[in-house]
Amino acid sequence: MRHGPSLLNVMDVEATCWDGQPPPGSVNEIIEIGLTVVDLSAGRRSSRHRVLVRPVRSAVSGFCTELTGLTQAEVDRGVTFAEACRILVEEYGAGERPWASWGDYDRRQFARQSRADGVAYPFGFPTERTHTNAKAVFAESYGLRRKPGMDQALRIAGLPLEGRHHHGEDDAWNIAALVLDLVGRGAWPAAAVRPGAAM
């Protein structure tokens with residue numbers, strides 16, 4: 001019996017960063033959460049979303065703006081990290097729905113910042129429970145010794161890079177296309193497809 005569509009949240013975060021070491025007292029903080037909802041049962045990307053997050057222990061460097069396109073003025077209009085996590089849970093079912101990202105960085109950054117800010121980790125515990133590292137699945141499926149970056153993986157899969165690389169919303173959309181490529185190849189792990197996870 002089906003319980004609605006099998007929904008997967010594909011996410012990509014951008015964080016404050018520097019060309020070299022962070023300034024004294026600064027730490028990497030999430031400034032953008034890109035999210036694409038994938039309907040695995042229908043084999044399509046159903047919606048795309050963006051949450052801007054206001055950093056409190058760092059500032060957006062010129063290097064970071066060049067890389068991501070995000071400015072300090074833009075993220076100053078964002079929500080707090082706590083509010084961003086609330087949005088993920090209440091609007092996108094983050095506590096129940098499985099999620100994926102390209103590599104483990106996004107999961108680790110959420111876990112690290114949740115601890116630092118005293119905010120409940122939005123995806124449930126243990127932190128790996130509902131998360132799939134799409135980069136690792138892709139490398140295994142294509143028989144690659146080294147795990148490729150997202151843009152390289154798109155080339156390997158014969159898929160276009162849509163939008164701007166290192167823009168969270170666009171990256172999540174592109175990673176979602178790679179997830180669907182893996183689903184089509186029968187390579188997406190069954191544990192990451194939970195029919196009861198629709199919210």
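How many bridges join E1 to E2, and do these strands run parallel or antiparallel? There are 9 bridges between E1 and E2, and the two strands run antiparallel. This is a predicted model.

**The sheet**

The E1–E2 pair belongs to an open sheet of 5 strands. Its order is E3-E2-E1-E4-E5, and the pairing is mixed. Strand E3 (44-52) and strand E5 (131-133) stand at the edges. Each has a single partner strand, so one side of each is left without a neighbour in the sheet. On average, neighbouring strands are turned by 25 degrees against each other, direction ignored.

Strand E2 also pairs with E3. Here 8 bridges join the strands, which again run antiparallel. E2 and E3 form a hairpin with 4 residues between the strands. In that hairpin Gly43 takes a positive phi near 65 degrees.

Individual pairings involving E2 can be picked out. Leu7 has Asp39 of E2 as its bridge partner. Ala15 stands opposite Ile30 in E2. Ile33 has its bridge partner, Val51, in E3.

How many of the residues of E2 are buried? The count is 10 of the 10, so E2 is largely enclosed by the rest of the structure.

**Two nonpolar cores**

The largest nonpolar core has 22 residues. Those with the most contacts inside it are Met11, Ile33, Leu88, Phe110 and Phe123. Four elements each supply at least two residues: strand E1 (7-15), strand E2 (30-39), helix H3 (81-92) and helix H4 (105-117). H3 gives the largest share, 6 residues.

Phe110 shows how this core is wired. Leaving aside neighbours within four places in sequence, Phe110 is in contact with Met11, Val13, Ile30, Ile33, Phe81, Cys85, Leu88, Trp99, Tyr121, Pro122 and Phe123.

A second, separate core has 20 residues. Among them are Leu8, Val10, Leu154 and Leu178.

**Helices against the sheet**

Helix H7 covers residues 168-184. At 1.5 Å a residue, its 17 residues should span 24 Å. The end C-alpha atoms are 24 Å apart, which agrees. Is H7 largely enclosed or left open? Of its 17 residues, 15 are buried, so H7 is largely enclosed by the rest of the structure. H7 lies across E1, E2 and E3, and runs at about 140 degrees to E1. Gly186 follows H7, with a positive phi near 75 degrees.

Helix H5 (residues 134-141) lies across strand E4 (99-101) and E5. H5 runs at about 45 degrees to E5.

**Three single residues**

Three residues are set out below by location and relative accessibility.

| Residue | Location | Relative accessibility |
|---|---|---|
| Leu70 | loop between helix H1 (62-68) and helix H2 (72-76) | 0%, buried |
| Ile87 | helix H3 | 12%, buried |
| His166 | loop between helix H6 (150-157) and H7 | 29%, partly exposed |

Leu70 is a loop residue, yet it counts as buried at 0% relative accessibility. Beyond its neighbours within four places in sequence, Leu70 is in contact with Glu14, Ile31, Glu32, Arg50, Leu52, Val60, Thr65 and Val75. Leu70 and Asn133 are 63 residues apart in sequence and 25 Å apart in space, C-alpha to C-alpha.

Ile87 sits in H3. Its 12% relative accessibility falls under the 20% cut-off, so Ile87 counts as buried. Outside the four places on either side in sequence, its contacts are Val51, Val79 and Tyr92. Val51 is 36 residues away from Ile87 in sequence, and the two C-alpha atoms are 8.6 Å apart.

His166 stands out by its backbone. Its phi is positive, near 70 degrees, and it is not a glycine. Most residues other than glycine have a negative phi. His166 lies in the loop between H6 and H7. With a relative accessible area of 29%, His166 is partly exposed.

**The annotated span**

UniProt lists residues 7-188 for "domain: Exonuclease", in an unreviewed entry. In the model this span is 38% helix and 19% strand. The end C-alpha atoms of residues 7-188 lie 13 Å apart.

How values were computed
Residues numbered from 1 in each chain as written. Predicted model: local features only at pLDDT ≥ 70, side-chain atom pairs only at ≥ 80, totals over all residues. Heavy atoms only, no water. Core = buried A, V, L, I, M, F, W, Y, C linked by side-chain atoms within 4.5 Å. Buried < 20%, exposed > 50% of the residue type's maximum accessible area, 1.4 Å probe, protein only. Contact = heavy atoms within 4.5 Å. Expected span 1.5 Å × (residues − 1). Pairing = 2+ DSSP bridges. Axes fitted to C-alpha atoms, helices over the stretch in contact; angles between N-to-C directions. UniProt positions renumbered as here; feature names shortened; annotations may be inferred.
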